[in-house]
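Hi everyone, thanks for making time this morning. I'd like to walk you through some strands and how they pair, so let me put the model on the screen.

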Amino acid sequence: MSIIKILSEHLINQIAAGEVIERPASCVKELVENSVDSGADEIIIEVKNGGKTFIKVSDNGCGMSKEDAAKSLLRHATSKISDEKDLWNIMTFGFRGEALASIASVSEMILKTKISSETAGTEITCVGGEVKTIEACGMRDGTTVEINNLFFNTPARQKYLKKDVTELSQIIMFLNSTALAHPEVSFKFIHNDRMQFDLPKTDNLLRRISDIFGKATSDAMIPIFYGGTDFKLEGFIGKPVISRSDTRHQYIFVNGRPIQHRIISFKIKEAFHSMLMGDKKPVFVLDIHIDPSLIDVNVHPRKIEIRFEDESRILAIAYSATKAALQSHNLIPKAFVETQRYMSDRFPSSWPQGEISRGIDGSANSAGFGNMLRTGFGADFGGDMHLGEYGVPDSQQNFGLNDANKFAMKAVTQVSNSYIVAENSEGLVLVDQHAAHERVRYFELLEQFNAQKKNIQPLLVPETLSIPLDEIPILTSNMEVFEGLGFEIEKGPGNELILYAVPAVLSGEDIVEIINGVLDDISHGSTSSNVKGRIETIMHFMACRSAIKFGKKLTIDEMNALLMRMEEIEKPYTCPHGRPTMIKLTFNELEMMFGRK
Ligand code: ADP
Ligand code: MG
């Protein structure tokens, strides 16, 4: 007797639904993608209870004929591809023809649709995948799909749904990303009868970024561009000050499709190099246009991953385009913010609470820089400062750091033995002496490491230093870095090291303390497993350990020497960990703050 059965169509759809329709957000995703594919430029999304009880997506797209409407609910029914060669030329979201069938099989669905060539629309009701009625209806051109009681017949699935607010935030996350991929479409989103957002259509991606994240964020975005015949990359990357501790605001679109691509994200982060603080992740919106025959979108059931034929080329371009964009901008933080604009941009009244707290600001509050500014100017700006709001100078209003005449900073005084107050022709500059010197040192050490002929200072009397035993293997395994910098170290008896020469940039410093400190940092910090990363980390540690301390009194001459050095080096605006080294207050801003303007 045969025990193998062919599964029923209904069961097949439910299994497919298990793959494609995980939760309300996946339902919204499939419906909205169908609407975008239909050529709509106006899409309205209404949901209730985080989408668990009600989802309705309406569009003004091409609609369907009565005949197609009935077919659209069948599995493997699609208008988007017809033969194998189409599979290698996909420019639409959909092509598998299973979303509507899958959603219908696990919900109560009402599909209403009309094409312009027919006078009446078609309304189909369907429960658990079974078509109940097909009738004519009056409606405008376009399609509306209403889903009631998602997963009503698959209680196991229903059980796994999260709280309404969690499901809602998933929906918003998806809508944000689609809206960024398609600024040419207007999106209205209504939850529990309340308008959450209303994004007007625009041909300007930066406007869409501003509508979604607020003007402060869009102001801190830098355009990025690479143009080729079969490949084009454009979009925006966020300046380091708006980097975040998570990757939620990293968007990559390939031919209009949001995808996840860990290595591209990684390459972009790498291009920021030492400008990012700690483990901060950059913010970006990247739009990749590529000949569809050079990618494979059919590698993931939910189509969130794709494969590039020539991935290494894409990675190299993402890296170099990011680098070029960053280099073309001055990255010095601005200490001026218009409080009102800040408040209204940050908290559009329509955003649900969860989204606000995790949304745009996550990275800022714990940042030392935020605290530093708060101490200095907090009272004037009303307490809750936000790092991102300080932005960095945009191209129209740069601080003239590239212009020798304008830059020339002169030290005025030192505050709290920690900050240098300086002035130049543009206004006031506050310099964090440790961060600034750390950047100078990092630059010098890097130069020394890369130099053919090292600038070495032999010690007249060799120094002996003793280090904890467990740090000896750390030193020996990193000896090539120390030697590369110009240290001449020999292992002595027990836990002793004998030091014969040091890099000239560190002569006069307490070398024993520096080496001990660096070894301590290496043993407690995480160093990268690749050689280049490890060398950089060690240099970061050494720059930090040898830099002027926060709290050390400096003479005016010493301050001026540091400021002059800042003008000579690359990337003076952030320390190697990405914290700002200086803040400016232009005379113009001072005048505005004091109400003179
Ligand atoms: P796919 O999008 O993979 O083709 P779907 O099951 O999502 O599969 O949709 C099946 C078909 O129904 C689509 O190919 C399209 O022809 C039609 N369709 C679905 N939604 C819409 C819509 N909003 N407007 C016009 N046509 C639609
Ligand atoms: Mg589809």
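Let's start with a hairpin: β17 is joined to β18 through two residues. Please keep in mind that this is a predicted model. The two strands, with β18 covering residues 427-432, run antiparallel and are held together by six bridges. If you want a pair to click on, E423 stands opposite L428 in β18.

Now step back to the other partner of β17. Strand β16, residues 410-415, pairs with β17, residues 419-424, in the antiparallel sense over five bridges. Here Q414 stands opposite I420 in β17. These two strands also form a hairpin, with three residues between them. What is the phi of S416 in that turn, positive or negative? For S416 the phi is positive, about 55 degrees.

Let's move along the chain to another sheet. This one is open, has three strands in the order β19-β21-β20, and its pairing is antiparallel. Why do β19 and β20 each have one side without a neighbour in the sheet? β19 (456-466) and β20 (488-491) stand at the edges with a single partner strand each, so one side of each is left free of a neighbour in the sheet. From one strand to the next, the twist averages 15 degrees.

Zooming in, β20 and β21 (residues 496-503) run antiparallel and are joined by four bridges. Within that pairing, E488 stands opposite A501 in β21.

Finally, a helix: α20, residues 511-524, lies across β19, β20 and β21. Relative to β19, α20 runs at about 60 degrees.

Thanks, and I'm happy to rotate the view for anyone!

Technical notes:
Residues numbered from 1 in each chain as written. Chains lettered and ligands numbered in written order. Predicted model: local features only at pLDDT ≥ 70, side-chain atom pairs only at ≥ 80, totals over all residues. Heavy atoms only, no water. Pairing = 2+ DSSP bridges. Axes fitted to C-alpha atoms, helices over the stretch in contact; angles between N-to-C directions. Contact = heavy atoms within 4.5 Å.
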